[in-house]
Amino acid sequence: MSSKVRTINSAAQMEKLGAEIGSTLKAGDLIVLRGELGAGKTTFTRGLGRALGIEGVTSPTFVISKIYPGRIPLVHVDAYRLIGNELALFDDLDLESRIPQSITVIEWGGDFVKRLVDSYISIDIEFGVNEDERTVRINGLEA
Ligand SMILES: Nc1ncnc2c1ncn2[C@@H]1O[C@H](COP(=O)(O)OP(=O)(O)OP(=O)(O)O)[C@@H](O)[C@H]1O
Ligand SMILES: [Mg+2]
């Protein structure tokens, strides 16, 4: 398992990290973003989208999942409202059919992802010592 830790000092830097990682991804890759409300998961995903030629990624909270056409399509899932719900609701998103040709980013989806892929990238975002600081841990994981 590969692991990296980065200290991030602003939302702009978080977008830059997202773009940096996004530029290394290929179709079929899946990222699980972990971190409390407001940690910066969507901010990271906005930068990742930019690396794929996608502008304006916003929180999909009210629709659970959004698909953005790009160099490689980006599937952005916010599973927050599915926590504690039946897994069948997650299956309704039909991610299996989209993952192979897309880059998939899932917020709050740690409990569901093992059903979907053999390996994925897990990114943990923790609040730091001031309002704008975050510690980001990037791990390549076998499911
Ligand atoms: N270093 C930082 N990295 C990311 N966001 C930051 C940072 N510093 C401040 N922010 C601010 O924190 C907020 C992060 O919000 P964002 O929607 O990205 O969080 P989230 O983890 O997706 O939350 P949710 O769980 O509600 O979806 C934004 O308002 C952003 O501007
Ligand atoms: Mg979010």
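Which pattern does the protein chain follow when read along the sequence? The order is β-α-β-α-β-β-α-α-β-β-β.

**Figure 1. Overview of the predicted protein chain.** The model is predicted: local features need pLDDT of at least 70 and side-chain atom pairs count only at pLDDT 80 or more, while totals for chains, interfaces and linings use all residues. Residues are numbered from 1 along each chain as its sequence is written, chains are lettered from A and ligands numbered from 1 in the order in which they are written, and side-chain values use heavy atoms, with hydrogens and water left out. The protein chain has four helices and seven strands (DSSP runs, numbered from the N terminus: helices H or I of at least four residues, strands E of at least two). Its radius of gyration, taken over C-alpha atoms, is 14 Å, close to the 15 Å that the globule rule (2.2 Å times the number of residues to the power 0.38) gives for 143 residues, so the chain is as compact as a globular protein of that length. Buried residues (under 20% relative accessible area with a 1.4 Å probe, protein chains only; exposed is over 50%, partly exposed in between) make up 45% of the 143 residues.

**Figure 2. The largest nonpolar core.** A nonpolar core is a set of buried Ala, Val, Leu, Ile, Met, Phe, Trp, Tyr and Cys residues joined through side-chain atoms within 4.5 Å. This core has 22 residues, and I31, F44, L48, L74 and I123 have the most contacts inside it. Two or more residues come from each of α1 (11-22), β2 (30-34), α2 (41-51), β5 (103-107), β6 (119-127) and β7 (134-142). The largest share, three residues, belongs to α1. A second, separate core of 17 residues includes I64, L93, L95 and V113.

**Figure 3. The two sides of helix α1.** In α1, the buried residues are M14, E15, L17, G18, I21 and G22. They lie on the same side of α1 because they cover an arc of only 160 degrees around the axis (the arc of the directions from the helix axis to the C-beta atoms). A12 and K16, on the other side of α1, are exposed. The buried residues of α1 are covered by elements including β1 (3-8), β2, α2, β6 and β7.

**Figure 4. The magnesium ion (ligand 2) and its protein donors.** Donors are N, O and S atoms within 2.8 Å of the metal (3.2 Å for Na, K and Ca); water is not among the atoms, so sites may look incomplete. The protein donors are T42 (OG1) and E107 (OE), lying 2.1 to 2.2 Å from the magnesium ion. T42 in helix α2 and E107 in strand β5 are 65 residues apart, so the pair links distant parts of the chain. Both T42 and E107 are buried.

Conventions: Contact means heavy atoms within 4.5 Å.
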